[in-house]
Amino acid sequence: MDDDLFDLGTSNTLDLTSRDYALAWPRAAFVAEATALSRSPRGYLSGDVTPVELLLEEAFVGSTPLHVKSRKAATMRELLRRADELREEGAAPAYYMQRLGPAAPVDQGPDWSGAKRRIAALVIDFEERGYFDHAWGRDCVDAPRDYDRPADLIEDRLGIRADPLDAAEWLTHSDALFLSIVEVLHDLIARPRVVESVHLYAGCGRHFGQYITATGQAIYRHRVDEVLARTRLGLRFAASGEDVGRLVRSTDDPREELLGKLAVAPKEGTVDEVSHAIATFRNRGATRTHKRSAVTMLARVLEDQRALVKEHLLSKDEGALFQIANQFDIRHKNADQRSDYDDAYLDWLFWWYLATVDLMTHLSDRDIAP
């Protein structure tokens, strides 16, 4: 094992906000194992797998930590140094039909059936390029894949058996089940970075390796979003935040940029609350109650930053910011509060508060900059 494996450097080269770097293990267990490896001699397991590689493979949700660098030592060194930034993976966000119900209505439009065919064709194309080999294996003449495996993975997550590689079957699914499978496949996909061998016998073809989850998911979201943009569904994939990989209500580009930035980048200590507010608000099935809850969460974040708000906003603006949330039926439910406002008011208030959170983050960063 490299002598400098656990010499702590200062560079931050890994994007630890990616779900690929979420720990499948408890953080303490990862730190204990990584520290123990620093005291062990270089060793290999069967198949020339090093102990460091095995730990990177087992301890994280995604495969990126294993393949992000040619030198695993540098990766492990940084992960151990920044262990406090690693989050432990909780339960995955619910899928479409679990959030909205198996019979959730979809505004199909005349082009929806064509869009379903194009998405099914995309999945087959990704399968042929090896993007699902990490999930259910490569079909090889010498070692045939378990043909039930893709359907097993769908059933494990949705409780309904469906084969994502059977294009004809896809078109018979309910819209809610179809969109749920689209989300499941996002969680399963990973881009192969290398061709490890080419099996010429019976035209078997390429065998891939070094699967990168984050890259595969980004490409998948982009391709599916292109198809969804040509429909009337008003859906797109969330690309960041706690609902990443789930279909959410689409907005205009500037607001999408604001959502993407604040889903992962507000001040330390507020990221979870802001991210949860965004996920609650942009959920496809968000009700009046959900939207009000999202606004309340953002108001709480701003309340915690009230000194900063007061410093940078005019006093009347600062008062109005909280007066609106307090006098309307949003934060508290008092008898003298107004509750007869239109739902569009909640949309306006959400975007106003979210933009204010962004402003406070920018001003705070400016104040502490050297």
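**Second largest pocket, flanking helices and nonpolar core**

The lining of the second largest pocket is made up of 10 nonpolar, seven polar and five charged residues, where Ala, Val, Leu, Ile, Met, Phe, Trp, Tyr, Cys and Pro count as nonpolar, Asp, Glu, Lys and Arg as charged, and the others, Gly among them, as polar. The model is a predicted one, in which local features need pLDDT of at least 70 and side-chain atom pairs count only at pLDDT 80 or more, whereas totals for chains, interfaces and linings use all residues. Residues are numbered from 1 along each chain as its sequence is written, and side-chain values use heavy atoms, with hydrogens and water left out.

The volume of the second largest pocket is about 510 Å³. Of the 22 residues that line this pocket, Val61, Gly62, Ser63, His134 and Thr213 are the closest to its centre. A pocket is here an open set of points on a 1 Å grid over the protein atoms alone, where a 1.4 Å probe fits, with protein on both sides within 12 Å along at least five of seven lines, and lining residues have an atom within 4 Å of a point. At least two lining residues each are supplied by H2 (51-59), H3 (64-67), H7 (133-136), H8 (149-158), H10 (175-188), strand E2 (205-212) and H11 (213-228), and the largest share, three residues, comes from H8; helices (H or I, at least four residues) and strands (E, at least two) are DSSP runs, numbered from the N terminus.

The buried residues of H2 (buried meaning under 20% relative accessible area with a 1.4 Å probe, protein chains only) are Val52, Glu53, Leu55, Leu56 and Ala59. They cover an arc of only 160° around the axis, which puts them on the same side of H2, the arc being that of the directions from the helix axis to the C-beta atoms. In H11, the buried residues include Thr213, Gly216, Tyr220 and Val224. Viewed down the axis of H11, its buried residues fall within an arc of 155°, so they line one face of the helix.

The largest nonpolar core, a set of buried Ala, Val, Leu, Ile, Met, Phe, Trp, Tyr and Cys residues joined through side-chain atoms within 4.5 Å, has 40 residues, and those with the most contacts inside it are Trp170, Leu179 and Leu185. Among the elements that each supply at least two residues of this core are H6 (112-128), H8 and strand E3 (235-237), while H10 gives the most, with nine residues.

Notes:
Grid points are joined across faces, edges and corners, and a volume is the space filled by probe spheres set on the points. Buried means under 20% relative accessible area, exposed over 50%, partly exposed in between (1.4 Å probe, protein chains only).
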